[in-house]
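Reader: I should be grateful for a close examination of one part of this structure, with the reasoning set out step by step. Please begin with the cysteines and then proceed to the charged pairs and the opening helix.

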Amino acid sequence: MDSGDPNFLSVLLSIGRELTDEDFENLKFLCEGTIPASHLETVKRPRELFLELIRCCDLSNDNKDPLSSLLFHIGRQDLRNLLLGVQG
């Protein structure tokens, strides 16, 4: 797993900065059942949620599907494109 890649982590930080409070809450809601409730309750910022996705779902530069799917479901195609490196 290459989740420690500085470029990948930088993209995650950029995505986190662009999320609205509602987006963030919706992401947390969608993670229920995937991330243990005891961990999800302590998540207060996008960065913390991304760390949980790295731990629980193997989110990495080579496996962007967990976050990509979540961003799709909350209607943030722009951030999904950023994650996937898609222009436009």
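Author: In this predicted model, the sulfur of Cys-57 has its closest cysteine sulfur in Cys-56, at a distance of 5.8 Å, which is too far for a bond. A disulfide, in general, is a covalent bond between the sulfur atoms of two cysteines. The cut-off applied here is 2.5 Å between the sulfur atoms, and because the sulfur of Cys-56 lies 5.8 Å from that of Cys-57, the pair is too far apart for a bond. The count of disulfides in the structure is accordingly zero. The two cysteines also fall into separate accessibility classes: Cys-57 is buried, at a relative accessible area of 17%, whereas Cys-56 is partly exposed, at 33%.

The charged pairs come next. How many salt bridges does a search of the whole structure find? The search returns four.

One of them belongs to helix H4, which spans residues 46-57. Within that helix, Glu-52 forms a salt bridge with Arg-55, and the closest N and O atoms are 3.0 Å apart. Because Glu-52 and Arg-55 are three residues apart in H4, about one helical turn separates them. The partners differ in their accessibility: Glu-52 is buried, with 8% relative accessibility, while Arg-55 is exposed, with a relative accessible area of 56%.

A further salt bridge joins the side chains of Glu-48 and Arg-45, with an N to O distance of 3.5 Å. Here Glu-48 counts as partly exposed at 22% relative accessibility, and Arg-45 is likewise partly exposed, with a relative accessible area of 43%.

The side chains of Arg-76 and Asp-23 form another salt bridge, at 2.6 Å from N to O. This pair links distant parts of the chain, the two residues being 53 residues apart. Asp-23 belongs to helix H2 (residues 21-31), whereas Arg-76 lies in the loop between helix H5 (65-73) and helix H6 (77-84). Arg-76 counts as buried, at 14% relative accessibility, and Asp-23 is buried too, at 9%. Which residues make up the network of salt bridges that includes Arg-76? Asp-23, Arg-76 and Asp-78 are linked in that network.

The opening helix remains. Helix H1 comprises 13 residues, 6-18, and extends 19 Å from its first C-alpha to its last. That span is close to the 18 Å expected at 1.5 Å a residue. At the start of H1, a side-chain oxygen of Asp-5 comes to within 3.2 Å of the backbone nitrogen of Asn-7.

Which residues of H1 are buried? They are Phe-8, Leu-12, Ile-15 and Gly-16. Viewed down the axis of H1, these buried residues fall within an arc of 100°, and therefore they line one face of the helix. Against which helices do the buried residues of H1 pack? Their packing partners are H4, H5 and H6. The face of H1 turned away from this buried side carries the exposed residues Pro-6, Asn-7 and Arg-17. Asn-7 is thus placed on the outward face, and the backbone nitrogen of Asn-7 is also the atom that the side-chain oxygen of Asp-5 approaches.

Helix H4 connects several of these points. The residues of H4 include Glu-52 and Arg-55, and H4 is among the helices against which the buried residues of H1 pack.

Conventions. Residues numbered from 1 in each chain as written. Predicted model: local features only at pLDDT ≥ 70, side-chain atom pairs only at ≥ 80, totals over all residues. Heavy atoms only, no water. Helix = DSSP H or I, 4+ residues; strand = E, 2+ residues; numbered from the N terminus. Buried < 20%, exposed > 50% of the residue type's maximum accessible area, 1.4 Å probe, protein only. Expected span 1.5 Å × (residues − 1). Arc of directions from axis to C-beta. Contact = heavy atoms within 4.5 Å. Polar contact = N/O pair within 3.5 Å; in protein donor to acceptor, adjacent residues only side chain to side chain.
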